[in-house]
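Let's take a walk through this model together, strand by strand, and finish at its surface.

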Amino acid sequence: MDRKIIVGIDCGIGGGIAYYIPKKKEVYAIPMPEKIEDIESALSFVLHNSIVYVEDVPPFVGINRPAARIFKLAKNYGIILGILQALTMEYITVRPAVWMKAIGAGKKKEYSNDNKWKNHLKDIALDCFPQSKVTLKTADALLILEYGMQQYFNREVAND
């Protein structure tokens with residue numbers, strides 16, 4: 001059986017796209033492209049035999065988030081889902097709380113500020129993918145990829 005390419009996407013403007021290529025047993029991560037055509041290009045190279053895990057955009061993200069920031073996040077989310085649908089790629093949306101719990105990230109409220117929380121997530125990504133270049137932009141995408149790999153391989157084992 002050919003294993004699928006697994007993709008993890010953090011839709012934020014400061015997010016990223018991470019890939020696991022099973023034939024090479026390699027992980028790649030890139031910052032989220034700014035242009036729609038670049039997002040499409042980044043996804044279309046894994047068009048066939050792939051499964052994409054996309055971080056779901058919550059309807060409420062807290063009172064300390066500017067509306068313009070939320071708009072950009074939701075816009076990117078819609079663009080990405082539209083591209084995936086147009087390319088007929090299999091995708092699964094996953095809430096942040098779900099993937100964070102699955103990878104053992106703990107709770108954001110345990111950290112005194114956003115920077116400490118983001119660095120904590122980056123450290124987890126470095127532990128999961130020590131051979132990859134992990135940045136603050138790609139860390140969440142890599143962790144969503146880790147979640148996706150857990151889900152995919154657990155399903156694969158269950159189906160054997």
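A good place to begin is Ile6, whose bridge partner in β2 is Tyr20. Before going further, a word on the source: this is a predicted model, in which local features need pLDDT of at least 70 and side-chain atom pairs count only at pLDDT 80 or more, while totals for chains, interfaces and linings use all residues. Residues are numbered from 1 along each chain as its sequence is written, and side-chain values use heavy atoms, with hydrogens and water left out.

Strand β1 (residues 5-10) runs antiparallel to β2, and 5 bridges join the two. Strands here are DSSP runs of E with at least two residues, helices are runs of H or I with at least four, and both are numbered from the N terminus; two strands pair if DSSP finds at least two bridges between them. Together β1 and β2 make a hairpin, with 5 residues between them.

Gly14 sits in the loop between β1 and β2. Because its relative accessibility is 44%, Gly14 counts as partly exposed, a class that falls between buried (under 20% relative accessible area) and exposed (over 50%), using a 1.4 Å probe and protein chains only. Gly14 is also 9.2 Å from Leu73, C-alpha to C-alpha, although 59 residues separate them in sequence.

Now look at β2 itself, residues 16-21, where 6 of 6 residues are buried. Gly16, Ala18 and Tyr20 point one way, Ile17, Tyr19 and Ile21 point the other way, and all are buried.

On to the next pairing: β2 and strand β3 (residues 26-31) run antiparallel, joined by 6 bridges. Tyr20 stands opposite Val27 in β3, and Ile17 stands opposite Ile30. The hairpin of β2 and β3 has 4 residues between the strands, and there Lys25 takes a positive phi near 55°.

Finally, which residues gather in a patch of negative charge on the surface? They are Glu34, Glu37, Asp38 and Glu40, and Glu37 has its place in helix α1 (residues 36-44). Such a charge patch joins like charges within 9 Å, from residues with over 30% relative accessible area and no salt bridge, that is, no Lys or Arg side-chain nitrogen within 4 Å of a carboxyl oxygen of Asp or Glu.

Definitions and conventions: Patch = residues over 30% accessible without salt bridge, like charges linked within 9 Å, V, L, I, M, F, W, Y side chains within 5 Å. Areas by Shrake-Rupley, 256 points an atom, 1.4 Å probe, with all protein chains shown as cover. Lys, Arg positive; Asp, Glu negative; His and termini not counted. Charge placed at Lys NZ, Arg CZ, Asp CG, Glu CD.
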